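Colleague: I would like to take a close look at one part of this model, namely its salt bridges, and to see how they sit within the chain as a whole. Could you take me through them slowly, as you would for a first-year student?

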Amino acid sequence: MGTYNPNTNPATIDLNFDRALDWLQKGAQPTDTCRAILSYKGVLYKKHLLGGVAKGAFTEADAEAKFNKWLGEKSGKIEAKANKIASDAKSVARERLAAESKVKEERAKALAEKRAAAEAEAKAAAEAAAAEEGAEAPAAETEAPAAE
């Protein structure tokens, strides 16, 4: 066992392919989790192919060709999935940005409407005040001579 390094990714699996294959050929029985990892990495498939070679079903060259074909297909699937995940993440980011822009525009529109309403209200109040002053001024003039 190594020492704990907090800078390593705990999900990273460093597998010594040849050593794992050797242990399986010696009869090691992996746990379900270990079996899944070995299957994902191709160790179990390679063991299966080597078993076919030992039984004379095909040659070692055929087994190696089949394994290399499988590796190529596997890496293609992994790359396709990684690309899909990346494009999905970009798509989600674009959708989120579009939604945020829409909210921002709606808020700006609401603010502009509120400002326009406030300006209209202020203008109406100013006009009403001016109209009151205009109405009060002649009344004040008529009252002043009457007070004389």
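Colleague: Before we turn to that part, among contacts in the chain between residues at least 6 apart in sequence, what percentage join residues at least 24 apart?

Modeller: The share is 44%, counted among the contacts in the chain between residues at least 6 apart in sequence. Please keep in mind that this is a predicted model, and that its secondary structure consists of four helices and zero strands, so the order of elements from the N terminus is simply written α-α-α-α.

Turning now to the part you asked about, the structure contains three salt bridges. One of them joins K46 and E64, whose closest N and O atoms are 2.8 Å apart. This pair links distant parts of the chain, since K46 lies in helix α3 (residues 43-55) and E64 in helix α4 (residues 60-147), with their positions 18 residues apart in the numbering. K46 has a relative accessible area of 12% and is therefore buried, because buried means under 20%. E64, by contrast, has a relative accessible area of 33% and is partly exposed.

K46 also leads us to the nonpolar residues, for it is one of the residues that L21 touches, together with V43, K47 and L50, when residues up to four places away in sequence are not counted. L21 and V43 both belong to the largest nonpolar core, whose five residues are A20, L21, L24, L38 and V43. The largest share of this core, three residues, is supplied by helix α1 (residues 17-25).

Another salt bridge is formed by the side chains of K26 and D22, with a distance of 3.1 Å from N to O. Here K26, at 59% relative accessibility, counts as exposed, while D22, at 25%, counts as partly exposed.

The remaining pair to describe is K84 and D88, in which the closest N and O atoms are 2.9 Å apart. Because K84 and D88 are four residues apart in helix α4, about one helical turn separates them. K84 is exposed, with a relative accessible area of 51%, and D88 is partly exposed, with 36% relative accessibility.

As a background to these values, 8% of the 148 residues of the chain count as buried, and the accessible surface of the chain comes to about 12200 Å², with 56% of that area belonging to carbon and sulfur atoms.

Conventions:
Residues numbered from 1 in each chain as written. Predicted model: local features only at pLDDT ≥ 70, side-chain atom pairs only at ≥ 80, totals over all residues. Heavy atoms only, no water. Core = buried A, V, L, I, M, F, W, Y, C linked by side-chain atoms within 4.5 Å. Buried < 20%, exposed > 50% of the residue type's maximum accessible area, 1.4 Å probe, protein only. Helix = DSSP H or I, 4+ residues; strand = E, 2+ residues; numbered from the N terminus. Contact = heavy atoms within 4.5 Å. Salt bridge = Lys/Arg side-chain N within 4 Å of Asp/Glu carboxyl O. Areas by Shrake-Rupley, 256 points an atom, 1.4 Å probe, with all protein chains shown as cover.
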